[in-house]
Amino acid sequence: MDEIENREIIAMIENIHLLRKLFIKRSTSSSPLHFGQVAIMRTIEENENCTQSTIAEQLNVTPSSVATSTKRLQKAGFITKTVDKDNLRCKRLALTEKGRDTILRHAEIFKEYDSLIMKGFSPEEKNQLFNYLNRLLAEMKSIEGINEQADGDPMKLTMLLHRNMEEICRDSDENKN
């Protein structure tokens with residue numbers, strides 16, 4: 001067997017990424033939530049009665065983007081905001097029943113899809129693949145100078161990477177003008 005070229009492996013990874021994005025777009029096209037809002041709602045679910053600054057800190061996003069998203073989520077009936085009794089300027093966030101149901105449905109869709117795509121792998125093969133991909137991820141983060149660990153939560157790393165991408169695009173656009 002001929003040696004596989006690096007570009008063939010990278011092209012395969014890019015295709016896997018694009019197929020995953022297609023699935024996400026297709027499966028969430030009828031959802032009222034945007035990608036970042038799901039992460040915000042998951043963070044609220046994990047940190048009931050948290051503040052907007054807690055979400056911004058945990059997801060590595062700007063407080064203003066969290067404020068905009070939470071305002072939309074509240075208006076749509078997915079979350080509630082209550083004034084903190086000890087600090088009247090602070091608002092505490094919680095999921096509504098509608099919010100909990102929506103997050104649960106999202107999680108079930110992704111869990112089912114993940115099970116389908118991984119069904120042909122044994123536990124040993126999954127571990128081996130995970131270790132290879134983890135090494136690749138660590139090398140790529142190192143090359144890009146990204147040192148944040150995101151506490152082992154892939155969603156937090158995803159949000160961090162999206163934020164980095166947005167900053168680079170914004171800087172690039174500013175330099176062109």
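Trainee: Buried means under 20% relative accessible area, exposed over 50%, and partly exposed in between (1.4 Å probe, protein chains only). Which residues of H2 are buried?

Mentor: Gln37, Val38, Ala39, Ile40, Met41, Thr43 and Ile44 are the buried residues of H2. Two cautions first. This is a predicted model: local features need pLDDT of at least 70, side-chain atom pairs need 80 or more, and totals for chains, interfaces and linings use all residues. Numbering starts from 1 along each chain as its sequence is written, and side-chain values use heavy atoms, without hydrogens or water.

Trainee: Fine. What is the secondary structure of the chain?

Mentor: Seven helices and two strands. Helices (H or I, at least four residues) and strands (E, at least two) are DSSP runs, numbered from the N terminus. The order from the N terminus is α-α-α-α-β-β-α-α-α.

Trainee: And what box do the C-alpha atoms fill?

Mentor: Roughly 70 × 45 × 30 Å, taken along the principal axes.

Trainee: How many residues does the chain have, and what share is buried?

Mentor: There are 177 residues, and 25% of them are buried.

Trainee: Back to H2. What should it span, at 1.5 Å a residue?

Mentor: H2 has twelve residues, so 16 Å is expected. The expected span is 1.5 Å times one less than the number of residues. The end C-alpha atoms of H2 are 17 Å apart, which agrees.

Trainee: How far does H6 reach?

Mentor: H6 covers residues 123–144, 22 residues in all. From first C-alpha to last, H6 reaches 31 Å, close to the expected 32 Å.

Trainee: What follows H6?

Mentor: Glycine 145 does, with a positive phi near 75 degrees.

Trainee: Which residue has a positive phi although it is not a glycine?

Mentor: Asparagine 49, at about 65 degrees. Most residues other than glycine have a negative phi. Asparagine 49 sits in the loop between H2 and H3. Its relative accessibility is 40%, so asparagine 49 counts as partly exposed.

Trainee: What else is in that loop between H2 and H3?

Mentor: Threonine 51, for one. H3 itself runs over 52–59. Threonine 51 counts as buried, because its relative accessibility is 11%.

Trainee: What does the side chain of threonine 51 contact?

Mentor: The side chain of serine 53, in a polar contact of 3.0 Å. A polar contact is a pair of N or O atoms within 3.5 Å; within protein, one must be able to donate a hydrogen and the other to accept it, and residues adjacent in sequence count only if both atoms are side-chain atoms.

Trainee: Serine 27 next. Where is it placed?

Mentor: In helix H1, which covers residues 6–28. Serine 27 has a relative accessible area of 18%, so it is buried. Its side chain reaches the backbone oxygen of isoleucine 24 at 3.4 Å.

Trainee: Switching to cysteines. How many disulfides does a search of the whole structure find?

Mentor: Zero. A disulfide is a pair of cysteine sulfur atoms within 2.5 Å.

Trainee: Why does cysteine 50 have no bond to cysteine 90?

Mentor: Because the two sulfurs are 9.6 Å apart, too far for a bond. Cysteine 90 offers the closest cysteine sulfur to cysteine 50. Seen from the other end, cysteine 90 is in no disulfide, and its nearest cysteine sulfur is that of cysteine 50.

Trainee: Is cysteine 50 buried or exposed?

Mentor: Buried, because its relative accessibility is 5%. Cysteine 90 is buried too, with a relative accessible area of 15%.

Trainee: Now the strands. Where is leucine 88?

Mentor: In the loop between S1 (79–83) and S2 (91–95). At 68% relative accessibility, leucine 88 counts as exposed.

Trainee: How far are the C-alpha atoms of leucine 88 and glutamate 45 separated?

Mentor: By 23 Å. The two residues are 43 residues apart along the chain.

Trainee: And lysine 71, which helix is it found in?

Mentor: Helix H4. Lysine 71 is exposed, with a relative accessible area of 59%. Its C-alpha is 53 Å from that of glutamate 3. Along the chain, lysine 71 and glutamate 3 are 68 residues apart.
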